[in-house]
Amino acid sequence: MAAVHLRIGDLVWGKLGRYPPWPGKIVSPPKDLKKPRGKKCHFVKFFGTEDHAWIKVEQLKPYHAHKEEMIKINKGKRFQQAVDAVEDYLKKAKGKEQNSDCKGDSKAKKTSNKPLKILEEDDEDLSALKDPSEKPVKDDPHFHHFLLSQSEKPASSMEPISKRLKIIEEVTGSTSIQAADSTAINGSITPTDKRIGFLGLGLMGSGIVSNLLKMGHVVTVWNRTAEKCDLFIQEGARLGRTPAEVASMCDITFSCVSDPKAARDLVLGPSGVLQGIRPGKCYIEMSTVDPETITELSQVITSRGGRFLEAPVAGSQQLSNDGMLVILAAGDRTVYEDCSSCFQAMGKTSFFLGEAGNAARMMLILNMVQGSFMATIAEGLTLAQATGQSQQTFLDILCQGQMASTFVDQKCQNILQGNFKPDYYLKHIQKDLRLAISMGDMANHPTPMAAAANEVYKRAKALDQSDNDISAVYRAYIH
């Protein structure tokens with residue numbers, strides 16, 4: 001984020017580490033609280049919480065200028081409560097009264113006996129950004145933390161909150177504020193009483209299954225590498241020995257695998273799904289594949305009396321973990337309706353696009369655009385470097401313009417930090433580009449931009465970047 005000129009009393013969006021921005025207000029720190037050395041930062045009080053933190057100036061954005069952008073990308077219940085708190089504050093504060101409110105905040109700190117909760121920039125979990133007076137319910141991932149914190153009675157309330165929140169990771173496997181918010185959003189959903197099967201526990205599948213379990217669904221899992229099932233068994237999932245067994249045991253079976261060949265093998269191969277399909281059984285293909293593969297799978301499933309739906313997802317590993325995917329569905333409308341609670345557990349919204357194959361087409365178009373865009377951003381970063389321009393300044397300017405987005409900010413920051421941990425595999429986006437180009441050929445529609453981007457990703461794969469994040473396409477330009 002670009003540096004901005006801010007002062008005490010300003011409303012801001014503050015970003016801690018790799019976590020989402022949160023609304024806050026710059027306030028005066030307590031006299032006995034020293035400013036971190038070597039950092040230009042402001043002391044921020046977060047709305048909707050009792051939390052405060054030193055935030056670097058480059059991680060702050062003015063509240064009003066970025067309100068619409070932030071509301072679009074953050075949908076959690078606690079986030080909305082924090083925004084509502086800001087709006088309530090604005091209604092009460094008029095003109096110069098805002099400055100007096102700032103002084104009041106400072107004065108309150110001097111007279112209050114209640115110690116501040118201080119978040120640190122390297123906190124591993126910002127789940128602490130919630131109303132501390134809100135009593136958690138059993139379905140909330142923070143319920144376990146509530147019980148533990150009540151029994152353990154930490155020695156000091158000034159202890160960094162992350163030290164206590166590490167307990168949550170062991171109990172729930174969740175380390176994201178967004179994951180907690182997604183559960184809160186969907187907390188009123190009654191999980192279907194149908195038995196759910198899930199095949200494929202990769203980057204996307206793992207997050208989906210975790211959220212299905214959190215929402216109370218009965219889930220049976222299978223994965224080619226069986227060890228990946230262990231964590232979910234500990235969380236309450238059941239284990240299927242083969243895809244056929246999962247399909248025969250469950251009413252609705254989802255699959256999420258890497259490519260068309262894997263999708264076909266899962267259904268048509270030895271001990272495949274088709275062997276477990278009986279009349280009325282539902283099969284949902286969530287993999288990003290070509291329309292022809294979807295048509296073939298739909299035909300073989302329905303030939304056995306089964307019901308078929310395709311439901312590829314737009315998003316990333318983080319969005320999968322957060323339960324904030326976008327689901328594109330097509331095929332049997334009744335299956336789509338039967339899966340309502342599942343889709344609400346794993347995603348923030350879903351679309352029904354008609355006949356089978358339409359979702360595959362739409363997903364390939366979306367990923368074609370994303371892949372091409374990422375390659376263009378990488379090209380811009382490397383051209384900036386080649387012409388003696390600051391890459392960080394390029395990013396700062398980009399993030400203040402019309403193309404500003406969380407995607408651009410996060411991917412570019414990761415590139416500048418040399419962090420290519422996969423959130424969406426580079427090899428998969430190249431596969432999607434290839435399939436989109438083929439789809440264009442069949443429709444006699446030109447795709448020159450996608451074709452150019454595809455060549456850059458192929459070069460990145462040749463440089464051994466396949467299993468890195470899509471942002472590693474950057475390396476194709478520097479080697």
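The following exchange takes a new reader through selected features of this structure.

Biologist: On what basis are features reported in this model?
Modeller: This is a predicted model, in which local features need pLDDT of at least 70 and side-chain atom pairs count only at pLDDT 80 or more, while totals for chains, interfaces and linings use all residues. Residues are numbered from 1 along each chain as its sequence is written, and side-chain values use heavy atoms, with hydrogens and water left out.

Biologist: What distance does helix 19 reach from its first C-alpha to its last?
Modeller: Helices (H or I, at least four residues) and strands (E, at least two) are DSSP runs, numbered from the N terminus. Helix 19 covers residues 448-462, which makes 15 residues. The expected span of a helix is 1.5 Å times one less than its number of residues. For helix 19 the reach is close to that expected value, at 21 Å.

Biologist: Within what arc do the buried residues of helix 19 fall?
Modeller: Buried means under 20% relative accessible area, exposed over 50%, and partly exposed in between (1.4 Å probe, protein chains only). The buried residues of helix 19 are A450, A453, N454, V456, Y457 and A460. They line one face of the helix, because, seen down the axis of helix 19, they fall within an arc (taken from the directions from the helix axis to the C-beta atoms) of 165°.

Biologist: Which exposed residues does the face of helix 19 turned away from its buried side carry?
Modeller: The buried residues of helix 19 are covered by elements that include helix 15 (358-386) and helix 18 (426-442). The face turned away from the buried side carries the exposed residues P448 and A462.

Biologist: Which residue with a positive phi follows helix 19?
Modeller: The phi of this residue is near 70°. The residue that follows helix 19 is D464.

Biologist: Which salt bridge partner does K458 have in helix 19?
Modeller: A salt bridge is a side-chain nitrogen of Lys or Arg within 4 Å of a carboxyl oxygen of Asp or Glu. K458 is partly exposed at 38% relative accessible area, and its partner is partly exposed at 44%. The two residues both lie in helix 19, 3 residues apart, about one turn of the helix. Their side chains meet at 3.1 Å, N to O, and the partner of K458 is E455.

Biologist: With which residues is M439 in contact, leaving aside its neighbours within four places in sequence?
Modeller: M439 lies in helix 18 and is buried, with a relative accessible area of 18%. M439 and P291 are 148 residues apart in sequence and 8.5 Å apart in space, C-alpha to C-alpha. Taking contact as heavy atoms within 4.5 Å, the residues that M439 touches are P291, R361, L364 and I365.

Biologist: How far apart are the ring centres of W13 and Y63?
Modeller: Rings of Phe, Tyr and Trp (its six-membered ring) pair if their centres lie within 6.5 Å; planes under 30 degrees apart count as stacked, over 60 as edge-to-face and the rest as tilted. A search of the whole structure finds 11 aromatic pairs. The planes of W13 and Y63 are at 20°, so the pair is stacked, with a centre separation of 5.1 Å.

Biologist: How many residues apart are W13 and Y63?
Modeller: W13 is buried at 0% relative accessible area, and Y63 is buried at 1%. W13 lies in strand 1 (residues 11-14) and Y63 in helix 1 (residues 63-73), so the pair links distant parts of the chain. Their separation in sequence is 50 residues.

Biologist: Which residues form one aromatic cluster with F198 and F254?
Modeller: F198 and F254 form a stacked pair, 6.0 Å centre to centre with 20° between the planes. F198 lies in strand 7 (residues 196-199) and F254 in strand 10 (residues 252-255), so the pair ties together parts that are 56 residues apart in sequence. The other members of their cluster are Y336, F343 and F352.

Biologist: Is R241, which forms a salt bridge with E245, buried or exposed?
Modeller: The count of salt bridges comes to 13. In the one between R241 and E245, the closest N and O atoms are 2.7 Å apart. E245 counts as buried at 18% relative accessibility. R241 has a relative accessible area of 67% and is therefore exposed.
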